[in-house]
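Colleague: I should like to learn how to read a model of this kind, feature by feature. May we begin with the packing of a single element and then widen the view?

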Amino acid sequence: MTAGADVQQRPANARRPPDPRRRSFWLLSLPSTVALALFLVVPLLLMAALSFRADLSGQLLAPFAPTLKQYQAAFASEGYWRLLGTSALIALGVAAISTLLAYPIAFFLAFRAGRRATIYLILLLVPFWTSYLLRVMAWKLMLGSEGVINSVLLGTGIIQTPLDALLYNRGAVVVTLVYVWIPFATLPILAAMGRIDDRLHDAAADLYASPWQQLRRVTLPLSLPGVVAAFFMVFIPTVGEYVTPLLVGGPSGTMFGNIIQDFFTRAANWPLGSALSMVMLGATLALVMVGFRVVQPRRLIGR
Amino acid sequence: MRPTESRLLRGSAGLAAILLVAAACTGGASTGPTSGSEATPPPSEAAATPPPTDTPPDQVTGSLNVLDWSGYDQEIFWQDFKNKYKNVTVTFDFGNSDAEQYTKMKAGSQADIFHPYTGWLQFYVDEGLVAEIDTSKLKNWDKVPDSFKKIGQINGKQYFVPWDWGFTSILYRTDKVSSVDSWSALFDTKYKGHISMWDDGPAAVTVSSYIHGWDETAITDAQLAQVKTEWTDQAKLDKTYWGGEPDLVQSMASGDVWLAYAWQGAYATLLGQGVPVAYANPKEGRNSWVGVYGIRANDPNYDLALRFLDEKLGTLTGNNLVTNYYYGSSNGEVMAGITDPTLKTAFSIDDPSILQKTNFTPNLTAAQRDAWTAMWTEVKASQ
C-alpha cells in the first residue's frame, strides 16, 4: 500500500505551489517521520556501522577501528552471490505469480462483487486473523509425505508411493509465498481500480468495445500503477524472506535471508551478518531502480 | 516491517546515510576494542540485595529475570525455588540457541541468570559478561560431582553452575536402518533423503573430527576446507536440517527421517511414544554436552540469583528434569536414584563403558566460533 500511495502522490506534491496547507503537511508527517527515523533509520545506521567491525568483541557502542574485512568475506564467497541471485529470481517469480493471481480477485472485488464487496474483502483478509507462522505450518500439512495432497493421491490410486518432492525444496517455498502474498498484492490493485470511473466502461461499451477490449484498453492501463505497486511490494520483502524457507524449504530451499539470520542468531557474528544485509539492501535497491527505469511508474500514472 | 523496508529503499537518503557512517567510522576511533579479558570483579555484596544467607526464604522478596531456552521456564524446572521463595517474582526471556543467548547478553541484556552450553563458555569470561560463583553459599554444591564442577570453571575460576547434560549420537529407526556403528552413517548414500543433521556449524566440525580422528580443538584451515566440502556433499542426502528437538522428534516419528544427529532427549521421547528407534554407540565414541547457568557480571541481584541457582540444584527440580525432558541432572543424588528402565537405557547407566568412550564438547575460541559458523553458512548457501 505504501509504495502505491507514494507512487501516486509524489509527483502531485512536487508540483503543488506553496500554500498555507504546507504547515499542516509538515505537522501531519512529523509523527511518521520521527517514528521512521527512530525505529528504522537509526537501527539501520547502527547496522551499517556494525558491518565495519572486525568482530563482536569489546563494547558494542564503543569506538572501533573500522575494517572492510566483513565485506571481503562476503564478496569472497561465491556461494553467497549465487544465493543472492537465486533469492532475487525466487522473489521475481513469486511477485509475478502473486500479482497475476491477485489481478482477477481485485477486478472481481472492484467491478463485479457489487454490494457484497466489503464482505468479500473481509473474507480475503481472514487469513490475517491467524498468525503467519500457523499459515506456513498449514502448508507443511498440505505438502508433507503424509500430508493432504499425498493422502488424496494415494487414496485415489493415482500414485503408489508418496511424493517426496512436494516439501523441503524451492518449489514449496514459492507455492507458500505466493499463497501468503496474494491478499497483500490484491490491495494496491484494488485501490487503483477503485479510482477508475465506472462510466468509462459504459463509454467503452457504447463505442462497441468487447469486454476483452475494455479490459485491455481501459481497465488494465488505468490499474497499472496498482499492479506495479503490488509487484514491488511483494518483490522487495521476498528477496530477504527467511521464515518460509526455514519452515518449508529444507536444505535446498535456503534463501539469502536465512544466511543473514544465521549470522545473527546461530553464529553470533553480527558484523558479517550486517555486511551481508547491506549487500542485500544495495542489490535490492539496484534491482528496484532498474525495475522503475523499465516500467517508469510516473509515465504510467500519466501526469 | 515489510512496507517500511520498501519505503526506505526508494529514498536515496538511506544510501547517503550509510556512506556518512562509513566516513564517520574511518574518521574516528583509532583505539581498538576495549578488551574485556580482565577477570570479572569478584561478586559484590551489593547493598541493594537482602543480607546473605540469614533471611528465611519466605521473607525474601524481589524479582529475578532468567534468560533461558523456551521450555525451561516451566515451573517444574525451578520447583524447589518456587516452593521456598514464595515472594520472589521470576520472569523469563528466551534465547533458543547458544548464539542467541550470547548475543543477547553481549548486547546488554539485564537478565540476572543465563543458560549457555559447553562450547560457548569461554567468551562470556573473555568479554566480562559473567560473575564468579561464590560456591560457599550454595548448599547443594556438594551434590555436584567434581567432573561437572570442572566444566563450569574457566581460567581456574568457577564462573558457571552445571545443571543439565546429555549425549549426542546418531538416532535411527530400527525398522528402516539395520545398525549404525559409526558417525560416518550420516554420510551414507544408502539413506539418501532420510537423514537429518542439526543445523549447526560447530557440530559439523565435531562430527568430521570424530570420523577423521582429528583434534577438534586444533582444526587447521585445510581441515576446515575439507569439512566444508564433506558437508556440502552431505546436504544432498539430508531430508532437512533440524533446528529444535521437537522438529526432529516429529520428522522421525512420521518416518520422513530414518537417521539423524540427535540429542538423547529425542531418543527418550521417541522411545516413550513407542517408535522403534535405537541410539548408536559409534566406534568413535558419543558426544556429550553440559548446560550451565551463569550470573551476569555486576548484577545487583547477585545474592538472590545465587539462591536461585542453589535451588536449581535441588532434588525435586533435578528429578523433574530427568523425568520430563530425559536429560541428566548435575545433582549426583538425582542420577543415583533413577530406577525407570527407559531412563536407564537413555542415560546408558548400565553400561559405563559408553561414558568412558564419550567425547565431551570442548570450549570454542571466538576465532573458531566465527570460522566454523561461517563455514556452515557457506555450506547452506551453496545448495
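Colleague: What covers the buried residues of helix 12 of chain A?

Modeller: The model is a predicted one. An α-helix has 3.6 residues a turn, so residues three or four places apart point the same way. In this case, helix 12 (residues 256–265) of chain A is mostly covered, with eight of its ten residues buried. The buried residues are Phe256(A), Gly257(A), Asn258(A), Ile259(A), Ile260(A), Gln261(A), Asp262(A) and Phe263(A). Their cover includes helix 4 (78–112), helix 11 (243–249) and helix 13 (270–295) of chain A, and also helix 16 (366–381) of chain B.

Colleague: How many helices and strands does the secondary structure of chain A come to?

Modeller: Chain A has 14 helices and zero strands. Its C-alpha atoms fill a box of roughly 75 × 70 × 35 Å along the principal axes. Of the 303 residues in chain A, 38% are buried. Among contacts in chain A with a separation of 6 or more, 75% join residues 24 or more positions apart.

Colleague: How should a strand be read, and which strand pairs with strand 9 of chain B?

Modeller: In a regular strand the side chains alternate between the two faces of the sheet. Here, strand 8 (residues 195–198) of chain B pairs with strand 9 of chain B in the parallel sense, over four bridges. Within that pairing, Ser196(B) has Thr240(B) in strand 9 as its bridge partner. Strand 9 (residues 238–242) of chain B is mostly covered, and five of its five residues are buried.

Colleague: What should one look for in the backbone angles, and where is the place of Tyr168(A)?

Modeller: Most residues other than glycine have a negative phi. Two tyrosines of chain A have a positive phi: Tyr168(A), near 60°, and Tyr208(A), near 65°. Tyr168(A) is in the loop between helix 7 (148–155) and helix 8 (170–194) of chain A, while Tyr208(A) is in the loop between helix 9 (199–206) and helix 10 (211–239) of chain A.

Colleague: Is Tyr208(A) buried or exposed, and why?

Modeller: Tyr208(A) counts as exposed because 7 other C-beta atoms lie within 10 Å, and the cut-off for exposed is 12 or fewer. Tyr168(A), by contrast, is buried because it has 28 other C-beta atoms within 10 Å, where 20 or more are required.

Colleague: Which domains does the assignment of chain B give, and how far apart do their C-alpha centres lie?

Modeller: The assignment gives domain 1 (58–165 + 289–347) and domain 2 (168–286 + 363–381) of chain B. Their C-alpha centres lie 27 Å apart. Across the boundary, 13 residues of domain 1 are in contact with 14 residues of domain 2 of chain B. On the domain 1 side, the elements giving two or more residues are helix 5 (122–126) and helix 14 (341–346) of chain B. The residues on that side comprise eight nonpolar, five polar and no charged.

Colleague: Which elements of chain A have the lowest and the highest mean pLDDT?

Modeller: Where pLDDT is low, the predicted coordinates should not be read in detail. In chain A the mean pLDDT is 87, and 91% of the residues reach 70 or more. Among its elements, helix 1 (residues 2–15) has the lowest mean, 50, and helix 4 the highest, 94. Over residues 1–8 of chain A, pLDDT stays under 50, and the model has 22 contacts beyond four places in sequence for them.

Conventions
Residues numbered from 1 in each chain as written. Chains lettered and ligands numbered in written order. Predicted model: local features only at pLDDT ≥ 70, side-chain atom pairs only at ≥ 80, totals over all residues. Contact = placed C-beta atoms within 7 Å. Domains from an automatic or database assignment. Nonpolar A, V, L, I, M, F, W, Y, C, P; charged D, E, K, R; others polar. Pairing = 2+ DSSP bridges. pLDDT = per-residue confidence, 0-100.
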